[in-house]
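Welcome to a short set of exercises on reading a protein model. Keep the sequence and the 3D view open, try each task yourself, and then follow the solution step by step.

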Amino acid sequence: TNAASAQAYFLSAQIARAQLQKIQRAVRLSPPSDQPRSSIKHLIVLMMENRSFDHMMGALKANDSRIDGLSGNESNADSTGSTVNVRSRAAFQGQLDPDPDHYFAAVDLQIFGGDTSPNLTANMQGFVKSYFNQSKDALHSQKIMYYFTPDQLPVLTTLATEFAVCDRWFSSVPGPSIPNRLFADYGTSFGQVGMEIPSVRPRYKSIYERLAEHGHTTKIYYYDTSSLLVTDAHFLKQHPEIFGTYETFLADAQSGTLPDYSLVEPNYNDHDSDQGEAIANDQHPDHNVQAGEVFIAQVYKAIRSNETLWRDSILLITYSSHGGIYDHVPPPAATPDGFVAQVDQTGTGRTFSFDRLGVRVPAVIVSPYIRRGTVDHTVYDHASIPATVSKLFLSGSESSSPRERNAQTFDRVLTLSAPRTDTPEFNLSH
């Protein structure tokens, strides 16, 4: 029943809050070690959903001025012409309903503020206007400017400050999740800017296929069968051998049998499971952000708890898109991927040549070879994922898209010659 589901949801949220309170109290450091550095054998990517950098991590600037975050003076005009400043009022749930529009035309408005001239310039002034188009409520539309404080997100904040935060990681497409996830898999979205699955062209193969062809191991760990993405279902039909559940991920991490490259996916929807009500933990608006914090901590802990695996691994935590939520940094130009989205796809009256990136998203890189407090200003997008996988395991020699070939690789943050053991621990017991 709806009442039973609501009660289960409430209880799960209580558990998440209790776990996070313990995390906030229990982050501690161990003494350093001088163990020799091992070559990286495992790259694990955890891709969450639909949050912008400023929304989740912009407040970090107050503690570290090197980070390109929020000063507090950033603003947008609302539908009445009033100035709306950013505010530290973000709530874990119940605030971003309806889900902010992040389809291509809406993101175009967010980035360019409604400018449709031939020489349009990104000013990041259309976020409140865009959200008003959905809510039709001037006061509610202001919530798109709200952001979290570091103490609200102890897991993401701790990992960012203890390892590397990337303040120039942009989504690959100024649009929704599927084209951005395709860039993470293929280095291109094959001309897609919407939520359609393209007919995969043999021109470029996925990073999973390329790894398998060269004798490397790879896996997509999905949460469970009730939480499969459309892109996963498409892959699953063609390559069922590369799929495993989240429970399998935990077992593989414990036994040290993770593949060379792993993509770990959260739970995308509330549903019944064998263990009871499974609460969405992907942080997609308007899912519970605290549940996602606990999930990130679980993934980190699974890797950190196996010392050998830990010394051989890189963990990247990032987000598929900004989800229509405010960020102040204009997206830069990008290497075109050879495809063009037509006018009927963009909804803007203009074609799109994939020659600029989407809005900035959170990105944190975790490894014992990263110096504490690393701030990386390198421009990345999701094509940097297959580019880095290729560099680590394929010597970058296989066929890839122009965007992927020109993407920066994030292994640059591994600057220590010996692995650290002075790393955070999160108490996840109930």
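Two strands count as paired if DSSP finds at least two bridges between them. Keep that cut-off in mind, and remember that this is a predicted model.

**Exercise 1. Pairing around a strand**

Task: Find which strands are joined to β5 by bridges, and how they run.

Solution:
- Step 1. Locate strand β5 at residues 218-222.
- Step 2. Look towards strand β6, residues 243-245: three bridges join β5 to β6, and the two run parallel. The cut-off for pairing is at least two bridges, so β5 and β6 pair.
- Step 3. Now turn to strand β7, residues 261-264, which is joined to β5 by four bridges and also runs parallel to β5.
- Step 4. Use I220 as a landmark: its bridge partner in β6 is F243, and in β7 it stands opposite L263.
- Step 5. Check the surroundings: four of the five residues of β5 are buried, which leaves the strand mostly covered.

**Exercise 2. Two helices in contact**

Task: Describe how helix α3 packs against helix α4.

Solution:
- Step 1. Find α3 at residues 104-112 and α4 at residues 127-135; their axes lie 7 Å apart, at an angle of about 145°.
- Step 2. List the residues that touch: A106, L109 and Q110 from α3, with F127, K129, S130 and N133 from α4.
- Step 3. Sort them by class: the contact has three nonpolar, three polar and one charged residues.
- Step 4. Ask how covered α3 is: eight of its nine residues are buried, among them F104, V107 and F112. The cover over these buried residues includes α4 and α13.
- Step 5. Step just past the end of α3, where G113 takes a positive phi of about 70°.

**Exercise 3. Into the core**

Task: Identify the residues with the most contacts inside the largest nonpolar core, and follow one of them.

Solution:
- Step 1. The largest nonpolar core has 90 residues, and L159, F249 and Y261 have the most contacts inside it.
- Step 2. Helix α11, residues 289-304, gives the largest share of this core, with eight residues.
- Step 3. Follow F249: beyond its neighbours within four places in sequence, its contacts include I44, Y221, L258 and V299.
- Step 4. Another core lies apart from the largest one; it has 18 residues, including L96 and M124.
- Step 5. Go back to L159, one of the buried residues of helix α6. Because eight of the nine residues of α6 are buried, this helix is largely enclosed by the rest of the structure.

**Exercise 4. Unusual backbone angles**

Task: Which peptide bonds are cis, and where do F190 and F354 lie?

Solution:
- Step 1. Start from the general rule: most residues other than glycine have a negative phi, and most peptide bonds are trans.
- Step 2. The bond from D97 to P98 is cis, with omega near 15°; P98 is in the loop between β3 and α3.
- Step 3. The bond from P285 to D286 is cis as well, with omega near 10°, and D286 sits in the loop between β9 and α11.
- Step 4. F190, in the loop between α7 and α8, has a positive phi near 55°. F190 is buried, with a relative accessible area of 1%.
- Step 5. F354, in the loop between α13 and β11, has a positive phi of about 55°. Because its relative accessibility is 0%, F354 counts as buried.

Methods. Residues numbered from 1 in each chain as written. Predicted model: local features only at pLDDT ≥ 70, side-chain atom pairs only at ≥ 80, totals over all residues. Heavy atoms only, no water. Axes fitted to C-alpha atoms, helices over the stretch in contact; angles between N-to-C directions. Contact = heavy atoms within 4.5 Å. Nonpolar A, V, L, I, M, F, W, Y, C, P; charged D, E, K, R; others polar. Core = buried A, V, L, I, M, F, W, Y, C linked by side-chain atoms within 4.5 Å. Buried < 20%, exposed > 50% of the residue type's maximum accessible area, 1.4 Å probe, protein only.
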